[in-house]
Amino acid sequence: MPELGRHGDNDLWLRQLRLVGVGLPALFIVIVQLLRPIFFDRYWPRDGDTIVSVLTALAAIAFGLMMFRLIDQLVEDDRYRSTVTERDRIARELHDSLAQVLGATQLRLQAAAYHPAVQDHDDLKTELADVAHDCQDAYRDVREAILGLREHNRTDHTFLEGLASYAEKFSRQSGIQTTVVAEIPGEPSLTPHREVQVIRIIQEALTNARKHSGARRARITVDETLDWTSFVVEDDGQGFVVDVAPGEREGFGLHSMRERTELVGGRLLVESGPGLGTKITITVPRGQRGTRHPSGMSV
């Protein structure tokens, strides 16, 4: 059965699907009626009607399953394309507005701290420097978000190649040496929806490592079992106390990662401790393995 391309022509597939829906049943009826006097009535004259009925029922079941799969692929493809389009729009808006404003604001605050009128006011200089530092942190967060959005939208690499490319660029931006280790022979078996959520969880885990852990190295390990695909993000940072006291909520980063994991029917395990680094394991159900083409991704 042909696979639907993520950037394929959905209108073409819809037209083909209509032709399949009309043509195959009609073709089957014609073939059965042609074969009936040649085989069924000749060799099984008493059971011809029963044989034709059974064959028709089996063909109807097989046809229904095939159409269900084709329609499911088409819907999944359309959902992914909508997600990619929205991610690309958000990345452009972040780059054209928020990133540029934060970068310019940081430079203006740094310049203001050295203005002659400020030199005699140590408290004001410190305040300006602190605000400039906050702008710099926010700018780095936005740059990482843009990197994550754009890197995953590229169509000239596979999922693992995209993950490795993101890790390389994250290493340069953050100073945390990040590597990807794939313990599987090919691409992970992920549906497009799970693929999008997993990449965002990994990006959030690495962002948390940069902002809070003081790590120097991080590693992303990809593995699969018969039913599950797992992604482990480890760093050598300072770690933290994982247990959340009754009535308290997790930090926004961990809460967001857990929500995304549960959204795709997966599990999130966080292991850490003071001075022990952090290990985050994302486990999601295996889905349909995808194929990729230079002209676009497919599911």
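These are my notebook entries on a predicted model of one protein chain.

**Entry 1: the whole chain**

I began by counting elements, and I found six helices and seven strands in the chain. Read from the N terminus, their order is α-α-α-α-β-α-β-β-α-β-β-β-β. I then looked up how much of the chain is covered: of its 299 residues, 38% count as buried. The chain exposes about 17300 Å², and carbon and sulfur atoms supply 57% of that area. Next I checked the contacts between residues at least 6 apart in sequence, and 71% of these join residues at least 24 apart.

**Entry 2: helix 5**

Does the length of helix 5 agree or disagree with its residue count? The helix runs over residues 192-213, which makes 22 residues. At 1.5 Å a residue it should span 32 Å, and I find its end C-alpha atoms 31 Å apart, so the two values agree. I also looked at how covered helix 5 is, and 18 of its 22 residues are buried. Just after the helix comes G214, where phi is positive, at about 70°.

**Entry 3: E224 and T229**

I turned to E224, which I located in strand 2, residues 217-224. Is E224 buried or exposed? Its relative accessibility is 17%, and the cut-off for buried is under 20%, so E224 counts as buried.

What does the side chain of E224 reach? One partner is the backbone nitrogen of S189, at 2.6 Å. Another is the side chain of T229, with which the side chain of E224 makes a polar contact of 3.0 Å.

I followed that contact to T229, which is found in strand 3, residues 228-235. T229 has 0% relative accessibility and therefore counts as buried. I listed what T229 touches, leaving out residues up to four places away in sequence. The list includes P188, S189 and L190, then D223 and E224, and further along I282, T283, V284 and R286. S189 thus turns up twice in this entry, as a residue touched by T229 and as the one whose backbone nitrogen is reached by the side chain of E224. I also checked T229 against P285: they are 56 residues apart in sequence, yet their C-alpha atoms are 6.1 Å apart in space.

**Entry 4: aromatic rings**

How many aromatic pairs does a search of the whole structure find? It finds two. In one of them, F159 and F231 meet edge-to-face, with 6.1 Å from centre to centre and 70° between the planes. This pair links distant parts of the chain, since F159 is in helix 4 (residues 159-174) and F231 is in strand 3, 72 residues away. F159 counts as buried because its relative accessibility is 4%. F231 counts as buried as well, because its value is 0%.

The other pair is Y166 and F170, with ring centres 6.2 Å apart and planes at 20°, so I noted it as stacked. Both residues lie in helix 4, four residues apart, which is about one turn of the helix. Y166 and F170 are both buried.

**Entry 5: a charge over a ring**

My last lookup was W228. What sits over its ring? I found the charged end of R267 there, 4.4 Å from the centre of the ring.

Notes. Residues are numbered from 1 along each chain as its sequence is written. This is a predicted model: local features need pLDDT of at least 70, side-chain atom pairs count only at pLDDT 80 or more; totals for chains, interfaces and linings use all residues. Side-chain values use heavy atoms; hydrogens and water are left out. Helices (H or I, at least four residues) and strands (E, at least two) are DSSP runs, numbered from the N terminus. The expected span of a helix is 1.5 Å times one less than its number of residues. Buried means under 20% relative accessible area, exposed over 50%, partly exposed in between (1.4 Å probe, protein chains only). A polar contact is a pair of N or O atoms within 3.5 Å; within protein, one must be able to donate a hydrogen and the other to accept it, and residues adjacent in sequence count only if both atoms are side-chain atoms. Contact means heavy atoms within 4.5 Å. Rings of Phe, Tyr and Trp (its six-membered ring) pair if their centres lie within 6.5 Å; planes under 30 degrees apart count as stacked, over 60 as edge-to-face and the rest as tilted. A charge sits over a ring if NZ of Lys or CZ of Arg is within 6 Å of the ring centre and within 35 degrees of the ring normal. Accessible areas come from the Shrake-Rupley method with a 1.4 Å probe; for residues, only the protein chains shown count as cover.
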